Amino acid sequence: MAVEQPAPPAAGVGSPGAPTPAADDGLGGGRGRVLRKVLGDAKGVVGIALLAVVVLGALLAPVLAPYGPTEVNFETPFQRPLTVGYLLGTDDLGRDVLSRILFGLRASLQVGLLAVGLAVVVGVPLGLVAGWWKGVDAVVSRVTDLLLAFPFLIIAVGLAAIGGASLGNAAIALGVAAIPTMVRVVRAETLRVRSRPFVDAARTMDASGPRILATHVLPNAGSAIIVQATIIMPTAVIGEALLSFLGLGIQPPTPSLGIMLSDAQQYLLRAPSAAVLPGLAIAVICLGFNLLGDALRDALDPLTVPARRRRRGKAAAR
């Protein structure tokens, strides 16, 4: 009697000849997954919407602004919002508030992006080498601790006062002030990743330290760097407004949200909208980046489980 031979197993994930699924690192192959998580989070949607309005307003400022940002009209000072021809009113010199806010958004974003770029370019390499080589860590960590002992804005104001008042110097001052925080974040991620098995495997294959940092540690620390950048950006925007308010940032007649607040303080009771509206613009920028940063943190964290999935798991367990 012939013995029936068992059918060969179907090709699947567990079979020897099955293709190995691509790894999902959350930054490369998982970009679609991260984007879906961000768009599925109410905080992410609101943050993206606010930032889209801010960025489009800054980019299209020459088109959307009804007047020039420095155009003075002494015949129409202190016009209230919703006045014909002046949607958000005018200031003490008759300059259109809407036009100045649109161009002020452009200046704030420029300073913020330059500050974040400087913090990333300098802070990330320092954090990587500090977390990998103990000898370097002894020096970098002590300097970082010393700088963190001073408030962020105190360092920025001091550096801006030394360098002089300008947009570039304000961005450099804010970027330098943000470097210690970036160093601490990247150093912590490096210490976490260096003990992982794949790093030990790379060491056994005689991979050099810089190669391991570039190919293994840095990609795994990317999520923390992105989230930290979204934290630095609103801080830099507020710092730029403060420096301009104190006369250490962007100088008149170039429009800036900080300059608008400084000019409007002496007419606060007569024309409160001239101060409230620039402050509201700063709040919208900061709120957008904070909401987006929270959504990105949740989406990039592999330990984060969505509430809907937790509820389904509890229902299945019952």
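**Figure 1. Two helices, α4 (97-132) and α10 (257-264), each put at least two residues into the lining of the largest cavity.** This is a predicted model, in which local features need pLDDT of at least 70, side-chain atom pairs count only at pLDDT 80 or more, and totals for chains, interfaces and linings use all residues. Residues are numbered from 1 along each chain as its sequence is written, and side-chain values use heavy atoms, with hydrogens and water left out. The top contributor to the lining is α10, with three residues. The full lining reads Asp91, Asp92, Arg95, Val97, Arg100, Met260, Asp263, Ala264, Tyr267 and Ala274. Sorted by class, that makes five nonpolar, five charged and no polar residues (Ala, Val, Leu, Ile, Met, Phe, Trp, Tyr, Cys and Pro count as nonpolar, Asp, Glu, Lys and Arg as charged, and the others, Gly among them, as polar). The volume comes out at about 100 Å³, and a search of the whole structure turns up one cavity of 30 Å³ or more. A cavity here is a set of points, on a 1 Å grid over the protein atoms alone, where a 1.4 Å probe fits but cannot get out, and lining residues have an atom within 4 Å of a point. Points are joined across faces, edges and corners, and the volume is the space filled by probe spheres set on them.

**Figure 2. Helix α2 (residues 42-59) has the length its residue count calls for.** Its 18 residues should span 26 Å at 1.5 Å a residue, and the end C-alpha atoms are indeed 26 Å apart (the expected span is 1.5 Å times one less than the number of residues). Helices are DSSP runs of H or I, at least four residues, and strands are runs of E, at least two, numbered from the N terminus. At the N-terminal end, Asp41 acts as the cap, with a side-chain oxygen 3.1 Å from the backbone nitrogen of Lys43. Gly44, Gly47, Leu51, Val54, Gly57 and Ala58 are the buried residues to look for in α2 (buried is under 20% relative accessible area, exposed over 50%, partly exposed in between, with a 1.4 Å probe and protein chains only).

**Figure 3. Ser141 and Ile232 are two buried spots on helices.** Ser141 sits in α5 (residues 134-148) and counts as buried because its relative accessible area is 8%. Its side chain makes a 2.3 Å polar contact with that of Asp137 (a pair of N or O atoms within 3.5 Å; within protein, one must be able to donate a hydrogen and the other to accept it, and residues adjacent in sequence count only if both atoms are side-chain atoms). Ile232 belongs to α9 (residues 209-245), and at 5% relative accessibility Ile232 is buried. Met182 is 50 residues away along the chain, yet the C-alpha atoms of Ile232 and Met182 are 8.8 Å apart.

**Figure 4. The loops hold some backbone oddities, including a cis peptide bond between Pro252 and Pro253.** Omega there is about 5 degrees, and Pro253 falls in the loop between α9 and α10. Over in the loop between α3 (61-64) and α4, Phe78 is a non-glycine residue with a positive phi, near 55 degrees. Leu82 is found in the loop between α3 and α4 too, with a phi of about 70 degrees despite not being a glycine. Phe78 is buried at 18% relative accessibility, whereas Leu82 is exposed at 71%.

Methods: 1 Å grid on protein atoms, 1.4 Å probe; cavity = no way out; pocket = protein on both sides within 12 Å on 5 of 7 lines; lining within 4 Å.
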